[in-house]
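Reader: I am new to this structure and should like to understand the terms used to describe it. May I put some questions to you with the model in view?

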Amino acid sequence: MVNTTAGVKCGGGGAALPLSTLNHVSLLCRSLSTSLTFYRDFLGFVSVRRPGSFDFDGAWLFNYGIGIHLLQAEDPESMPPNKKEINPKDNHISFTCESMEAVQRRLKEMGVRYVQRRVEEGGVYVDQIFFHDPDSFMIEICTCDKLPVVPLDAAAAHSIFAGRSPPPPVACKIRPVKQPSATKLGSVAAGGCVGEVIVVDAINGAAAGGGGGAMS
């Protein structure tokens, strides 16, 4: 069911589309079986039934309130080469988690290279971990849910909170954890957050360089 009673005014002067929820993210992959193993066994998605009328290879998965639709590339060799650099400003999908420490342990066990960052906003520290899937699409695991959602347009608040009151600001302050292999890259401002960013290449313990410090 779609709520069509109201919409946020967009730049064209009309009402925004009457959307309800984000349903799925669709990803083109070189090897359907490899990507299926990654998203199912590593990220915890569950395989679900896919329409039998499709005449192309793929797989549907679902968990955490969102679907992942994998599409087998018709010509895998024509896909761009895998990326060597993990750039947090690249396109990505982000998940929150119950334990960043558990995520780090699992990534290390699987030998997955990742970059770790920490952003401070108003005394609240947000931890981020970025890594690639088998086709270099970036995945983020973060604690971004610590930050309150504050609409910049007061008129739009009703749309995103569906008549409910906005969640209260985070009251607690989390002390930063010292990381001897980390390098502070200075102050950044992007995506509404300002703070110091710490970048760590957690595979070899060396500080990762470049890419800027935007939280996205």
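Reader: What makes strand 1 and strand 4 a pair, and in which sense do they run?

Author: This is a predicted model. Two strands pair if there are at least two bridges between them. Strand 1 and strand 4 are joined by six bridges, so they meet that definition; they run parallel. Within this pairing, Val25 stands opposite Ile68 of strand 4.

Reader: Which residues form the covered face of strand 1, and which the uncovered one?

Author: Val25, Leu27 and Cys29 form the covered face, whereas His24, Ser26 and Leu28 form the uncovered one.

Reader: Why is strand 7 called largely enclosed?

Author: A residue is buried when its relative accessible area is under 20%. Nine of the nine residues of strand 7 are buried, so the rest of the structure largely encloses this strand. Both of its faces are covered: one side carries Val124, Val126, Gln128, Phe130 and His132, and the other Tyr125, Asp127, Ile129 and Phe131.

Reader: How do you know that strand 7 pairs with strand 6 and with strand 8?

Author: The definition asks for at least two bridges. Strand 6 and strand 7 have seven bridges and run antiparallel, with Glu121 opposite Val124. Strand 7 and strand 8 have five bridges, also in the antiparallel sense, and here Phe131 stands opposite Ile139. Both pairings therefore satisfy the definition.

Reader: How many residues lie between the strands in each hairpin?

Author: The hairpin of strand 6 and strand 7 has two residues between its strands, and Gly122 takes a positive phi near 60°. The hairpin of strand 7 and strand 8 has five, and Ser136 in the turn has a positive phi of about 70°.

Reader: What makes a group of residues a nonpolar core, and which residues have the most contacts inside the largest one?

Author: Such a core consists of buried residues of certain kinds, including Ile, Leu, Phe and Tyr, joined through side-chain atoms within 4.5 Å. The largest one has 26 residues, and those with the most contacts inside it are Tyr39, Ile68, Leu70, Phe131 and Ile139. Helix 1 gives the largest share, five residues.

Reader: Why is this core said to lie between domain 1 and domain 2?

Author: Domain 1 (20–74) and domain 2 (88–149) both contribute residues to this core, so it lies between them.

Reader: Which residues does Phe131 touch?

Author: Leaving aside residues up to four places away in sequence, Phe131 touches, among others, Phe38, Phe42, Leu107 and Ile141.

Definitions and conventions: Residues are numbered from 1 along each chain as its sequence is written. This is a predicted model: local features need pLDDT of at least 70, side-chain atom pairs count only at pLDDT 80 or more; totals for chains, interfaces and linings use all residues. Side-chain values use heavy atoms; hydrogens and water are left out. Buried means under 20% relative accessible area, exposed over 50%, partly exposed in between (1.4 Å probe, protein chains only). Helices (H or I, at least four residues) and strands (E, at least two) are DSSP runs, numbered from the N terminus. Domain bounds come from an automatic or database domain assignment. Contact means heavy atoms within 4.5 Å.
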